[in-house]
Amino acid sequence: MERHLWCGIMAAALATGCASAQKNERTETILTAAGFEMRQADTPEKEAHLRQLEQRRLVEHMQDHIPFYVYADAEGCNCMYVGDEADYRNYQQLAAQEELAEERREAVQAEQAAAMDWELWGPWW
């Protein structure tokens, strides 16, 4: 019984990790499409600074009274994405469209699952 519980916990952890990685990849894809520029942490100094920033969250920073938006990902791409206000507005619009599309995909999958008549097809296991 303990072994089954452990396997279940590991499967859930792996699924969560995969979902998290996919979410990060989607976010970075949307950032790029919105006009954000990827900057690689290609020196030890940049890597150290990157790790000090809030990770995997779009954060506003000011430079000479001008807002810039930064998405740091030290563990994934070892990079940051940087954009201005226009890029940020584009990101918000694209992220909202992506969320709507995901909700539609989930609704279609739920409808298809509900419509499946397993008894009609007999046992498959």
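In this predicted model, Met38 stands opposite Tyr81 in strand E4. This report starts from that pairing, follows strand E4 through the sheet, and then turns to the side-chain pairs that connect separate parts of the chain.

## Strand E4 and its neighbours

Strand E4 covers residues 79-83, and 5 of its 5 residues are buried. The side chains of the strand are divided between two directions: Cys79, Tyr81 and Gly83 point one way, while Met80 and Val82 point the other way, and all are buried. Tyr81, the residue opposite Met38, therefore belongs to the group under 20% relative accessible area, the cut-off for a buried residue.

Strand E4 has a partner in strand E1, which comprises residues 37-40; the two pair in the antiparallel sense over 4 bridges. Besides the pairing of Met38 with Tyr81, Glu37 has Val82 in E4 as its bridge partner. Strand E4 also pairs with strand E3 (residues 66-73), again in the antiparallel sense, over 5 bridges. Here Val70 has Val82 as its bridge partner in E4. Val82 is thus a bridge partner of both Glu37 and Val70.

Strands E3 and E4 form a hairpin with 5 residues between the strands, and in this hairpin Asn78 takes a positive phi near 55 degrees.

## The sheet and helix H3

Strands of a sheet pair through backbone hydrogen bonds, in either a parallel or an antiparallel manner. In this structure, 4 strands form an open sheet in the order E1-E4-E3-E2, and the pairing is antiparallel. Because E1 and E2 stand at the edges with a single partner strand each, one side of each is left without a neighbour in the sheet. On average, neighbouring strands of this sheet are turned by 35 degrees against each other, direction ignored.

Helix H3 lies across E2, E3 and E4 and runs at about 55 degrees to E3.

## Salt bridges

Side chains of opposite charge can pair when their charged atoms come close. The count of salt bridges in the structure comes to 8. The table presents some of them, with the distance given from N to O.

| Pair | Distance (N to O) |
|---|---|
| Arg26 and Glu98 | 3.9 Å |
| Glu75 and Arg51 | 2.9 Å |
| Arg56 and Asp73 | 2.9 Å |

The side chains of Arg26 and Glu98 meet in a salt bridge. Arg26 lies in helix H1 (residues 2-34) and Glu98 in helix H3 (residues 85-115), so this pair ties together parts that are 72 residues apart in sequence. Arg26 counts as partly exposed at 37% relative accessibility, and Glu98 counts as partly exposed at 24%. Both residues also take part in a network of salt bridges that links Arg26, Glu98, Glu102 and Arg105.

The side chains of Glu75 and Arg51 meet in another salt bridge. Glu75 lies in the loop between E3 and E4, whereas Arg51 lies in helix H2 (residues 44-52), so the pair ties together parts that are 24 residues apart in sequence. Glu75 is exposed, with a relative accessibility of 61%, and Arg51 is partly exposed at 46%.

Arg56 forms a salt bridge with Asp73. Arg56 is in the loop between H2 and strand E2 (58-63) and Asp73 is in strand E3, so the pair ties together parts that are 17 residues apart in sequence. Arg56 is partly exposed, with a relative accessible area of 35%, but Asp73 counts as buried at 2% relative accessibility.

## Aromatic pairs

A pair of aromatic rings is described by the distance of the centres and the angle of the planes. A search of the whole structure finds 3 aromatic pairs. One of them is formed by Phe36 and Tyr91; this pair is edge-to-face, with 6.4 Å centre to centre and 70 degrees between the planes. Phe36 lies in the loop between H1 and E1 and Tyr91 in helix H3, so the pair ties together parts that are 55 residues apart in sequence. Both rings belong to buried residues: Phe36 has a relative accessibility of 5%, and Tyr91 has 16%.

Tyr69 and Tyr88 form an aromatic pair that is stacked, with 4.2 Å centre to centre and 10 degrees between the planes. This pair links distant parts of the chain, with Tyr69 in strand E3 and Tyr88 in helix H3, 19 residues apart. Tyr69 counts as buried at 9% relative accessibility, whereas Tyr88 counts as partly exposed at 25%.

Note on methods
Residues are numbered from 1 along each chain as its sequence is written. This is a predicted model: local features need pLDDT of at least 70, side-chain atom pairs count only at pLDDT 80 or more; totals for chains, interfaces and linings use all residues. Side-chain values use heavy atoms; hydrogens and water are left out. Buried means under 20% relative accessible area, exposed over 50%, partly exposed in between (1.4 Å probe, protein chains only). Two strands pair if DSSP finds at least two bridges between them. A salt bridge is a side-chain nitrogen of Lys or Arg within 4 Å of a carboxyl oxygen of Asp or Glu. Axes are lines fitted to C-alpha atoms, for helices over the stretch in contact, and angles run from 0 to 180 degrees between N-to-C directions. Contact means heavy atoms within 4.5 Å. Rings of Phe, Tyr and Trp (its six-membered ring) pair if their centres lie within 6.5 Å; planes under 30 degrees apart count as stacked, over 60 as edge-to-face and the rest as tilted.
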